[in-house]
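Student: Could you take me through one part of this model in close detail? I'd like to follow a single strand and its partners, and then see what else is worth a look.

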Amino acid sequence: MLRGAARTIVDMSYARRFLDFHGSAIPAAMQKLVAARRSPSFREAVALRRDCPVPLPGDADLLVRNRFVGVNASDINYSAGRYDPSVKTPFDLGFEGIGEVVALGLSASARYTVGQAVAYLALGSFAEYTVVPATVAIPVPSVKPEYLTLLVSGTTAYISLKELGGLSEGKKVLVTAAAGGTGQFAVQLAHKAKCHVIGTCSSDEKSAFLKSVGCDRPINYNAEPVRDVLKREYPQGVDVVFESVGGAMFDLAVDALAVKGRLIVIGFISGYQTPTGLSPVKAEKLPAKILSKSASIQGFFLNHYLSEHEAAMGHLLKMCAGGDLVCGLDLGERSAEGRFMGLESVFRAVDYMYMGKNTGKIVVELPHSVNSKL
């Protein structure tokens, strides 16, 4: 224990057993999900390990007890080994979480305290406890799952539209998979930029949600063909497309671009479950189509913009606090087996996403009792 003039700092980094903020002993073992093999099938690739050692934080680290974790379409890409083919199995999974600091290193204690609520973007969140570098942790007012929706989904929409979208009043913006975790934020941010927003979705219920968050023209593609609607109602094309589906939807988006239009590719979920991870597109005519409209296509991968992540989170958290941003989330209450609770339900949550059932960001709750020994 080191005593300073201002306060007492306790270095628990190297303790064999330490206390959480309620005073109950942190267990020696925990549960976590690992990729036991590489496969585009999440259920085939991933295993739930029930007797893993709880990791110890280093000097500049936090140990976070996860309360909510986010499910992303790219979880399948990671479990398939597409992002880092060199990683050896078994490897940890999950990109984002929110919870309480239950232990921390001495250097980390300069900024954080035990019991503090934090969100983070770091690998290994599909676990009951995760060691998080203090430099990437983000203080949040409380452990609310709404804040979790901002970490990947919110920042992807915010940074990509800010850097690549060129949004301005009156522009027509098409958002595909608009009622999903990321699409919902693209819709709202484009609406706040005074754009005319069009959003594709799969149900009337999702259309109603989109209208509630500022979408001017939701298109339920199960009720009316997207291509027909765009040709009829937007004959001059759209100025910006925020695209995450791939395949036929990508082709449609290219054809729908206006002169000097911009297509931002943030993903292509329709192909992720295939062996190649890709959906076929009509690439042979793509150069001619882009040239004829002086249009552009640009990819956006959040990992390449991490230097802007902290500022983006700060901006989005302020919007959320001010009631200027709806953080839609789906905890699985409408799924056949009910709410997503516990790491075992991550498998269900991934299936739910790929069936197109979710409205908003899919979030899994990891319940803990105060004196849980797991």
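Tutor: Happy to. Let's start with strand β5, residues 61–70, which is mostly covered: 10 of its 10 residues are buried. Keep in mind as we go that this is a predicted model.

β5 pairs with several strands, so let's take them in turn, bearing in mind that strands of a sheet pair through backbone hydrogen bonds, either parallel or antiparallel. With strand β7 (residues 96–104), β5 pairs in the antiparallel sense over seven bridges. To find this pairing on screen, look for Leu 63, which stands opposite Ala 103 in β7. Strand β9 (residues 129–133) also runs antiparallel to β5, and five bridges join the two. Here Asp 61 is a handy marker, with Pro 133 of β9 opposite. Strand β18 (residues 361–365) is a further antiparallel partner, joined to β5 over three bridges. In that pairing, Phe 68 has Glu 365 of β18 as its bridge partner.

Elsewhere there is an open sheet of three strands, in the order β4-β3-β6 with antiparallel pairing. Its edges are β4 (46–53) and β6 (91–92); each has a single partner strand, so one side of each is left without a neighbour in the sheet. Strand β3 (residues 29–35) pairs with β4 over six antiparallel bridges, and among the residues involved, Met 30 has Cys 52 in β4 as its bridge partner.

For a side-chain view, go to Arg 217, which belongs to strand β13 (residues 217–220). Its relative accessibility is 16%, and because buried means under 20%, Arg 217 counts as buried. The side chains of Arg 217 and Glu 233 are joined by a polar contact of 2.8 Å. Beyond its neighbours within four places in sequence, Arg 217 is in contact with a set of residues including His 196, Val 197, Val 229, Arg 232, Glu 233 and Tyr 234.

Tyr 234 also takes us to the second largest pocket, since Tyr 234, Leu 230, Lys 231, Asp 255 and Ala 256 are the lining residues that lie nearest its centre. The lining has 14 residues altogether, and the elements that give two or more of them are α6 (226–233), α7 (248–256) and β15 (257–265). By class, eight of the lining residues are nonpolar, two are polar and four are charged. The volume of this second largest pocket is about 170 Å³.

Technical notes
Residues are numbered from 1 along each chain as its sequence is written. This is a predicted model: local features need pLDDT of at least 70, side-chain atom pairs count only at pLDDT 80 or more; totals for chains, interfaces and linings use all residues. Side-chain values use heavy atoms; hydrogens and water are left out. On a 1 Å grid over the protein atoms alone, a cavity is a set of points where a 1.4 Å probe fits but cannot get out, and a pocket is an open set with protein on both sides within 12 Å along at least five of seven lines; lining residues have an atom within 4 Å of a point. Grid points are joined across faces, edges and corners, and a volume is the space filled by probe spheres set on the points. Helices (H or I, at least four residues) and strands (E, at least two) are DSSP runs, numbered from the N terminus. Ala, Val, Leu, Ile, Met, Phe, Trp, Tyr, Cys and Pro count as nonpolar, Asp, Glu, Lys and Arg as charged, and the others, Gly among them, as polar. Buried means under 20% relative accessible area, exposed over 50%, partly exposed in between (1.4 Å probe, protein chains only). Two strands pair if DSSP finds at least two bridges between them. A polar contact is a pair of N or O atoms within 3.5 Å; within protein, one must be able to donate a hydrogen and the other to accept it, and residues adjacent in sequence count only if both atoms are side-chain atoms. Contact means heavy atoms within 4.5 Å.
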